Amino acid sequence: MKAIVYEQYGPPGVLQFKEIATPAPTDNEVLIKVRAVSVNPLDWHFMRGEPLFIRLMLGLRKPKVTRLGVDVAGVVEAIGKNVIQFKPGDEVFGGCRGAFAEYVCAKEDELAPKPANLSFEQAGTVLIAAITALQGLRDKGRIQPGYKVLIDGASGGVGTFAIQIAKSFGAEVTAVCSTRNLEIARSIGADHLIDYTREDFTRSGQRYDLILAANAYHSIFDYRRALSRDGICVKSGGRASLQAILLESLLSLMLSLCGGKKICGFIAKLNKKDLVLLKDLLEAGKVVPVIDRRYPLSDTAEAIRYLEQGHAQGKVVLTVEHD
């Protein structure tokens, strides 16, 4: 089978589209014939080995795990002997390691039936971005009906899911994005729009119960200024160095001790329960994936290069064709 492989850290040029052995599922795994996968910032962080703590996990000089990709949608090709939820021919979505390939093995409890109303391309965009938005809003942000919620970076992968998920919780949503992305944010349910090229929401005088910083380009002091008295800012993205991340974490902790306002970062934890919840929202039409561009699997380097520019409207998808 064909797959994307990288044997050293670096820019998209280090990615190779090459022939490797087709995997076989273990007892608790499902072999998936991949139809679509999506690109996430996580992929280019792993590809480049940046920031430094990535290399502490994956290998200092070169990656120990040479495959990229997590989000996946496809058709079950074979199952392990202990798998009970799926059978060959089932359409599934979810996540696994090394998803940028024609075939992948995934654990049974990291998959769910593909929503019937979604294409493979749409289903392949969901896992990381949507679960990050869900857990950031619900678990870290403790969202409640009627909350004034601001999504900073509202037109990206996490942001487009966050707008819709926040609305499903009954929140009043303000979306922050550039001029070219205002219509997208409006079309998926944002109540208010802020063009960051013309207005700085951190200095507008408006206060929010919850801020989800999907890009986290502002300082923690800026975010804190835009929070209500007991507001929470949840940071889920950004390109800070390891030193900056540690410093911000310390400052956030100190500032949280000084008053009701809280600022926190987090890493989403993928789990079956939340994947099924998202499946229900998708089937009910309360959440609709937004896709910017589609690339064939062989053009993964170009897809990541585009995503790194930071201007994607929603998700970037890789399609997988089979003879």
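**Contacts, cores and salt bridges in the predicted model**

In the predicted model, the side chain of S38 makes a polar contact of 2.7 Å with the side chain of D71. A further polar contact, at 3.5 Å, links the side chains of S38 and K315. S38 is part of strand 3, which spans residues 29-39. With a relative accessible area of 0%, S38 is buried. Residues up to four places away in sequence aside, S38 touches D43, D71, F100, G124, T125, K315, V316 and V317. Both polar partners, D71 and K315, thus appear in this list of contacts.

One of the residues touched by S38, D43, belongs to the buried set of helix 1, together with W44, H45, F46 and M47. The buried residues of this helix pack against strand 3, helix 2 and helix 10. Just after helix 1, the backbone of G49 adopts a positive phi of about 70°. The peptide bond from E50 to P51 is cis, and its omega is near -5°. P51 is placed in the loop between helix 1 and helix 2.

Helix 1 is also joined to helix 10 by a salt bridge. The side chains of E308 and R48 meet at 2.5 Å, N to O. E308 is located in helix 10 (residues 300-308) and R48 in helix 1 (residues 41-48), so this pair ties together parts that are 260 residues apart in sequence. The relative accessibility of E308 is 13%, so E308 counts as buried under the 20% cut-off. R48, at 22%, counts as partly exposed.

In the whole structure, 15 salt bridges are found. Among them is the pair D139 and R138, whose side chains meet at 2.6 Å, N to O. D139 has a relative accessible area of 42% and is partly exposed. R138 is likewise partly exposed, with a relative accessibility of 25%. Another salt bridge joins the side chains of D200 and R203, at 3.8 Å from N to O. In this pair, D200 counts as partly exposed at 30% relative accessibility, whereas R203 is exposed at 61%. Salt bridges with shared partners join R138, D139 and D274 into one network.

The nonpolar interior was examined next. The largest nonpolar core contains 51 residues, of which L137, I151 and I163 touch the most other members. Helix 4 (residues 127-140) gives the most to this core, contributing eight residues. A second core, separate from this one, has 43 residues, including V72, A106, L297 and L307. In soluble globular proteins, nonpolar side chains tend to be buried together.

The surroundings of I151 include other members of the largest core. Outside its neighbours within four places in sequence, I151 is in contact with L137, G159, A162, I163, V173, T174, A175, V176 and L212. L137 and I163, named with I151 as touching the most other core members, are both among these contacts.

Nonpolar side chains also occur at the surface. L52, L56 and L60 make a nonpolar surface patch of about 330 Å². L60 is situated in the loop between helix 2 (52-58) and strand 4 (71-79). The relative accessible area of L60 is 55%, and the residue is therefore classed as exposed, the cut-off being over 50%.

A positive phi also occurs at a residue other than glycine, namely R142, where the value is near 50°. R142 is in the loop between helix 4 and strand 8 (148-152). At 44% relative accessibility, R142 counts as partly exposed.

Q16 is found in strand 2, which covers residues 16-19. Its relative accessible area is 31%, which makes Q16 partly exposed. Neighbours within four places in sequence aside, Q16 is in contact with A3, I4, V5 and E7. Q16 and I188 are separated by 172 residues in sequence and by 36 Å in space, C-alpha to C-alpha.

How values were computed:
Residues are numbered from 1 along each chain as its sequence is written. This is a predicted model: local features need pLDDT of at least 70, side-chain atom pairs count only at pLDDT 80 or more; totals for chains, interfaces and linings use all residues. Side-chain values use heavy atoms; hydrogens and water are left out. Patches are made of residues with over 30% relative accessible area and no salt bridge: like charges are joined within 9 Å, nonpolar side chains (Val, Leu, Ile, Met, Phe, Trp, Tyr) within 5 Å. Accessible areas come from the Shrake-Rupley method with a 1.4 Å probe; for residues, only the protein chains shown count as cover. A salt bridge is a side-chain nitrogen of Lys or Arg within 4 Å of a carboxyl oxygen of Asp or Glu. Helices (H or I, at least four residues) and strands (E, at least two) are DSSP runs, numbered from the N terminus. Buried means under 20% relative accessible area, exposed over 50%, partly exposed in between (1.4 Å probe, protein chains only). A polar contact is a pair of N or O atoms within 3.5 Å; within protein, one must be able to donate a hydrogen and the other to accept it, and residues adjacent in sequence count only if both atoms are side-chain atoms. Contact means heavy atoms within 4.5 Å. A nonpolar core is a set of buried Ala, Val, Leu, Ile, Met, Phe, Trp, Tyr and Cys residues joined through side-chain atoms within 4.5 Å.
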